[in-house]
Amino acid sequence: MAILFSSTCDDAEAWRAEMKKYLPETDFRVWPDDIGKVEDIDFALVWNPKPGELARYPNLKAVFSLGAGVDNILKDADLPADIPLARLVDDNLSRVMSEYVTHWVLHFHRGFHLFRLSQQNGEWRPLNPPETSVRRVGILGLGELGGSAAHALSGLGFRVAGWSRSAKRIEGVESFHGADALIPFLRRSEILVCLLPLTPATENIINDETLAALPAGAFIINAARGDLLVEDDLLKALNSGHIAAAALDVFRREPLPANHPFWRHPKVAVTPHCAAVTSPSSTARIIADNIRRVQAGRPPLHQADRTRGY
Ligand code: NDP
Ligand code: OXD
């Protein structure tokens with residue numbers, strides 16, 4: 001069996017070592033220099049593959065994403081239509097994302113963004129934040145990551161709601177679903193967390209109109225994809241004061257260009273697309289088990305639905 005590994009940012013040698021533990025018989029080939037014969041390749045592990053690349057392997061049986069998002073793979077117009085594409089679902093990834101989201105929700109809830117400014121001005125300004133039970137957090141996307149973050153925040157006592165395509169039942173979390181529920185969901189969300197996949201239906205979903213639906217003084221946390229957010233619309237809302245502050249992990253262009261206004265904006269915290277980074281040591285076994293399923297003639301778990309785009 002031969003596996004093609006192709007990623008623009010993951011460490012191929014770390015992955016080779018981990019995959020060997022679970023699939024010792026595997027021939028691990030690394031794009032672009034060590035592919036061997038294209039006919040040999042049975043499976044592909046990819047992040048941001050070169051468009052057209054995956055169409056070159058006539059015996060490819062399944063593609064496994066090295067990340068939870070598959071937008072970077074589905075954008076390839078030549079992606080073979082009949083080959084299953086599996087998303088990455090890993091409890092460790094969900095836990096790490098929940099840490100990121102919880103950090104920023106607590107940061108804004110407790111006013112640490114204001115303490116940072118006070119310190120810069122040498123001002124002693126204590127604050128008395130509301131209790132978590134009256135703070136309304138809204139999570140766009142209640143899937144693997146959004147569901148786990150909602151559970152964690154609800155455990156801290158926040159009033160949590162989530163928005164998804166289909167209705168959800170998560171203890172302590174109010175479920176809004178479908179396009180008609182978006183504006184009512186936003187109206188009640190003082191801290192908005194975005195954990196939606198990037199699809200044609202979600203691109204630019206955080207824009208002038210949806211930002212205006214949030215309560216005055218709301219906060220935004222985007223840990224999903226940069227193209228979900230219209231950056232100029234957010235800048236306008238921050239500058240007018242309608243949005244109090246934002247924590248952004250993902251951007252339309254990454255790395256964020258040096259002259260981008262987000263870098264120096266006093267109300268924006270930037271992190272470099274690291275909210276939840278895939279770890280080969282926790283994920284290799286999950287992907288290896290999924291490869292074994294396909295070898296046994298079964299469809300892989302967590303298959304992306306190409307018509308929905310996630
Ligand atoms: P899932 O597929 O498990 O969940 C997606 C959620 O979004 C589901 O609840 C889904 O609804 C909802 N959704 C999708 N489309 C719509 C729509 N049109 N209207 C309403 N709801 C919609 O994805 P994950 O939770 O695993 O991952 C989410 C995203 O997080 C990834 O796609 C990726 O972009 C991003 N990510 C970012 C990372 C980072 O480091 N910054 C790390 C990992 C992921 P339903 O449940 O009804 O299908
Ligand atoms: C992912 C990511 O989708 O890291 O997993 O962005």
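Q: Where is the place of His302?
A: This is a predicted model. In it, His302 sits in the segment after helix H9, which spans 280–295.

Q: What's phi doing at His302?
A: Phi is positive there, about 60°, although His302 is not a glycine. For context, most residues other than glycine have a negative phi.

Q: And how exposed is His302?
A: Partly exposed. His302 has a relative accessible area of 35%, and the partly exposed class runs between the under 20% and over 50% cut-offs.

Q: Which residue other than glycine has a positive phi near 60°, apart from His302?
A: Asn204, with phi near 60°. Asn204 belongs to the loop between strand E9 (191–194) and helix H7 (208–213).

Q: Is Asn204 buried, exposed or in between?
A: Asn204 counts as partly exposed, because its relative accessibility is 28%.

Q: Switching to omega. Which residue does a cis peptide bond join to Trp31?
A: Pro32. Omega for the Trp31–Pro32 bond is about 5°. Pro32 is in the loop from strand E2 (27–30) to strand E3 (41–47).

Q: What joins Glu254 and Pro255?
A: A cis peptide bond as well, with omega about -5°. Pro255 is placed in the loop between E11 and E12.

Q: What is the usual form for peptide bonds?
A: Most peptide bonds are trans.

Q: OK, ligand 2. Which residues are around it?
A: Trp47, Gly67, Ala68, Gly69, Arg225, His273 and Ala276. By class, that shell has three nonpolar, three polar and one charged residue.

Q: What does ligand 2 contact through the backbone of Ala68?
A: An oxygen atom of ligand 2 lies 2.7 Å from a polar backbone atom of Ala68.

Q: And which distances involve the side chains of Arg225 and His273?
A: For Arg225, an N or O atom in the side chain is 2.8 Å from an oxygen atom of ligand 2. For His273, the corresponding distance from a ligand 2 oxygen atom to a side-chain N or O atom is 2.7 Å.

Q: How much of ligand 2 does the protein bury?
A: The protein buries 85% of the 210 Å² that ligand 2 exposes when taken alone.

Q: Ala276 was in that shell. How far is Ala276 from Glu99?
A: In space, 8.8 Å from C-alpha to C-alpha; in sequence, 177 residues. Glu99 is in helix H3.

Q: What's the exposure of Glu99?
A: Glu99 has 46% relative accessibility, so it counts as partly exposed.

Q: Now pockets. What volume does the second largest pocket have?
A: About 180 Å³. Of its 14 lining residues, the closest to the centre are His113, Arg116, Ala245, Pro266 and Lys267.

Q: Which elements give two or more residues to that lining?
A: Helix H3 (91–109), helix H4 (112–120), strand E11 (243–248) and strand E12 (268–270). H4 gives the largest share, four residues.

Q: What's the class make-up of the second largest pocket's lining?
A: Ten nonpolar residues, two polar and two charged.

Q: How does one see where empty space is left?
A: By rolling a probe the size of a water molecule over the atoms.

Q: Back to H3 for a second. What ties H3 to both topics?
A: H3 is among the elements giving two or more residues to the second largest pocket's lining. Glu99 is in H3 too, and Glu99 is 8.8 Å from Ala276, C-alpha to C-alpha. Ala276 is one of the residues around ligand 2.

How values were computed: Residues numbered from 1 in each chain as written. Chains lettered and ligands numbered in written order. Predicted model: local features only at pLDDT ≥ 70, side-chain atom pairs only at ≥ 80, totals over all residues. Heavy atoms only, no water. 1 Å grid on protein atoms, 1.4 Å probe; cavity = no way out; pocket = protein on both sides within 12 Å on 5 of 7 lines; lining within 4 Å. Points joined across faces, edges and corners; volume = space filled by probe spheres on them. Nonpolar A, V, L, I, M, F, W, Y, C, P; charged D, E, K, R; others polar. Near = heavy atom within 4 Å. Polar contact = N/O pair within 3.5 Å; in protein donor to acceptor, adjacent residues only side chain to side chain. Areas by Shrake-Rupley, 256 points an atom, 1.4 Å probe, with all protein chains shown as cover. Buried < 20%, exposed > 50% of the residue type's maximum accessible area, 1.4 Å probe, protein only.
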